[in-house]
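Biologist: I am new to reading models like this one, and a close look at a single part would help me. Please choose one part and walk me through it slowly.

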Amino acid sequence: MKTNQLMQVTIGSYSQSIEHKTMMGHLNALWDHGNGLRAIKGLAPLQMKDWLMSNQTRELVDALNKKYLFPNSGNSTITKVDSRGRSSLVDLTSNTPFIKTKRGTGGGTWVHLYLMLDAAAWLDADFKLQLYDTFINNKILQWRED
């Protein structure tokens with residue numbers, strides 16, 4: 001298939017659209033669902049910006065960048081760190097094709113599937129297992145060309 005189609009992926013009671021060629025999905029929807037699961041368990045909600053700015057996320061984005069964009073490069077650092085050691089969210093989201101943001105009507109944040117899985121793991125352990133089961137055991141990405 002030559003065009004980038006939206007696949008509807010169901011994980012338990014949650015449904016998420018993923019672009020089959022770019023493997024991008026709407027992080028805001030995933031985040032809302034994950035925080036809903038946390039609320040049911042009596043846990044405090046987590047902030048998406050904290051996950052986006054974490055060292056773990058920066059390292060994963062850097063690894064994706066090296067693997068898919070610059071396979072023969074060394075460290076492809078895509079974020080700037082200020083004199084206090086703080087990273088910039090703007091740099092992270094503007095310097096990689098693996099995170100896309102849009103402001104205003106219809107806005108939000110879209111991330112690569114690998115980042116979505118990482119975000120789910122950050123949010124809720126049960127949701128993480130449901131995602132793994134959906135994508136690994138059901139081999140859902142093998143169906144994308146069918």
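Modeller: Happily; we begin with the whole chain and then stay with one helix, α6.

A word on the ground rules. This is a predicted model, so local features need a pLDDT of at least 70 and side-chain atom pairs count only at pLDDT 80 or more, while totals for chains, interfaces and linings use all residues. Residues are numbered from 1 along each chain as its sequence is written, and side-chain values use heavy atoms, with hydrogens and water left out.

The chain has 6 helices and 5 strands, which are DSSP runs numbered from the N terminus (helices are H or I, at least four residues; strands are E, at least two). From the N terminus on, the order is β-β-β-α-α-α-α-β-β-α-α. The pLDDT, the predictor's confidence in each residue from 0 to 100, averages 79 over the chain, and 75% of the residues score at least 70. Among the elements, helix α1 (residues 27-40) has the highest mean pLDDT, 95, and helix α4 (residues 89-94) the lowest, 50.

Now to our helix. Helix α6 covers residues 125-137, which is 13 residues. From its first C-alpha to its last it reaches 17 Å, close to the 18 Å expected at 1.5 Å a residue; that expected span is 1.5 Å times one less than the number of residues. At the start of α6, a side-chain oxygen of D124 comes to within 3.2 Å of the backbone nitrogen of D126.

Next, which residues of α6 are buried? They are F127, L131, T134 and F135. Buried means under 20% relative accessible area, exposed over 50%, and partly exposed in between (1.4 Å probe, protein chains only). Seen down the axis of α6, the buried residues fall within an arc of 85°, so they line one face of the helix. The arc is that of the directions from the helix axis to the C-beta atoms. As a general rule, an α-helix has 3.6 residues a turn, so residues three or four places apart point the same way. On the other side of α6, A125, L129, I136 and N137 are exposed.

What do the buried residues of α6 pack against? Their partners are two strands, β1 (6-11) and β2 (14-19), and two helices, α1 and α5 (113-123). Contact here means heavy atoms within 4.5 Å. For the wider setting, buried residues make up 38% of the 146 residues in the chain.

Technical notes:
Polar contact = N/O pair within 3.5 Å; in protein donor to acceptor, adjacent residues only side chain to side chain.
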